[in-house]
Amino acid sequence: MAHFKRLLATLSVVGLAVAQSSTQYCDSISGICFQGYADPDLDVTVGLVLPPLSTPPSDELIVQMVAPVSNGYTGISLGGTMADSLLFTLWPNDDKVILGPRWTSGYVLPDVYTGPTLTLLPGSGVNSTHITATFRCQNCTTWEDGSLGSGDLTSFGVLAYVVATTTSPADPADVASTLQEHDDFDFFGMDLSSAHSDDYSSYISGSASSSSSAPTSTSKPTSTSSVPPSSTSSAPSATQTEWGQCGGTGYTGPTTCASGLACVAVSPPYYSQCQST
Ligand SMILES: *[C@@H]1O[C@H](CO)[C@@H](O)[C@H](O)[C@H]1NC(C)=O
Ligand SMILES: *[C@@H]1O[C@H](CO)[C@@H](O)[C@H](O)[C@H]1NC(C)=O
């Protein structure tokens, strides 16, 4: 059974007023100044840098994720939702940074996603307290069924992050490892208009330093066995399937659950989902 019902639920909270919003911070280790947010409770920092605005727009950006080394894994969503967003998962494997892109169309474990090219930049690594991934991400501003800032790189986007504090990846050496549902999450408003930097090209030229911090393969397809049965997926229909959304702030989809399921407000008033009773 899929363990991602709550991840979906919590990451579906787009469109509501976001209390937290990004500010600029400069990372002393990489020397890069990011637009981002540091969560004081979950101890997670997420930052972005985009190249200067251009026509056509560049498809790349620099992403930073910093999280407690004690987290089983930490994830972010560039689209603010679990479904149809470019996701990144991060965890340590001893002193190695295991980072990979993932994507899902529905309410199942996100599969490793091919398309983006990730390159860890200097300053990435694992110390006694934190794991840091600072990476160049090419082919990353658009993805299947979505894009950063909904295609407007001067807009206010929503970025979400999740932490697993009570579970670890089944195979921490494998970027495509099966994961259990996260334990907590939050999100913030990302001011993309302030995330563009004239220093972008100098930031990425410091790339590819230590081989020990090279990301593991991000193009390796996961086996289908890590994906829960398709009966848990979210095909749009007049009645909602198990774990599908059936209500909540801004929701306009089906509000009737399939036979044997009830619409439960799991995160009122933001999110309700169909569950068996
Ligand atoms: C870019 O990523 C998309 C998936 O988002 C993929 O289909 C496409 O092949 C990638 N393009 C390149 C040049 O890698
Ligand atoms: C570990 O790295 C984090 C993130 O760069 C930093 O804030 C922290 O001070 C470092 N901890 C130690 C013990 O060096």
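In this predicted model, six strands make up an open sheet in the order 8-7-6-5-14-15, and the pairing is antiparallel. The two ends of that order are strand 8 (111–112) and strand 15 (184–191); each has a single partner strand, so one side of each goes without a neighbour in the sheet. Further in, strand 6 (residues 87–93) and strand 7 (residues 96–103) run antiparallel and are held together by seven bridges. To pick out one pairing, T89 has G100 in strand 7 as its bridge partner.

Then there are the ligands. Ligand 1 is surrounded by Y113, T114, G115, N139 and W143. By class, that shell comes out as two nonpolar and three polar residues, with no charged ones. Two side chains here make polar contacts with ligand oxygens. For Y113, a side-chain N or O atom is 2.6 Å from an oxygen atom of ligand 1. For N139, the distance from a polar side-chain atom to an oxygen atom of ligand 1 is 2.3 Å. On its own, ligand 1 would expose 360 Å², of which the protein buries 39%.

Ligand 2 has its own set of surrounding residues: I29, V66, N127, S128, T129, H130 and T132. This shell splits into two nonpolar and five polar residues, and again no charged residue turns up. The side chain of N127 puts an N or O atom 2.3 Å from an oxygen atom of ligand 2. T129, for its part, has a polar side-chain atom 3.1 Å from a nitrogen atom of ligand 2. Taken alone, ligand 2 exposes 360 Å², and the protein buries 50% of that area.

What about enclosed space? Rolling a probe the size of a water molecule over the atoms shows where empty space is left. Searching the whole structure this way turns up two cavities of 30 Å³ or more. The second largest cavity has a volume of about 40 Å³. Its lining is made of L50, P51, P52, L53, S54, P57, S58, E60, L153 and H196. Sorted by class, the residues lining the second largest cavity are six nonpolar, three polar and one charged. The charged one in that lining is E60.

Key:
Residues numbered from 1 in each chain as written. Chains lettered and ligands numbered in written order. Predicted model: local features only at pLDDT ≥ 70, side-chain atom pairs only at ≥ 80, totals over all residues. Heavy atoms only, no water. Near = heavy atom within 4 Å. Polar contact = N/O pair within 3.5 Å; in protein donor to acceptor, adjacent residues only side chain to side chain. Areas by Shrake-Rupley, 256 points an atom, 1.4 Å probe, with all protein chains shown as cover. 1 Å grid on protein atoms, 1.4 Å probe; cavity = no way out; pocket = protein on both sides within 12 Å on 5 of 7 lines; lining within 4 Å. Points joined across faces, edges and corners; volume = space filled by probe spheres on them. Pairing = 2+ DSSP bridges. Helix = DSSP H or I, 4+ residues; strand = E, 2+ residues; numbered from the N terminus.
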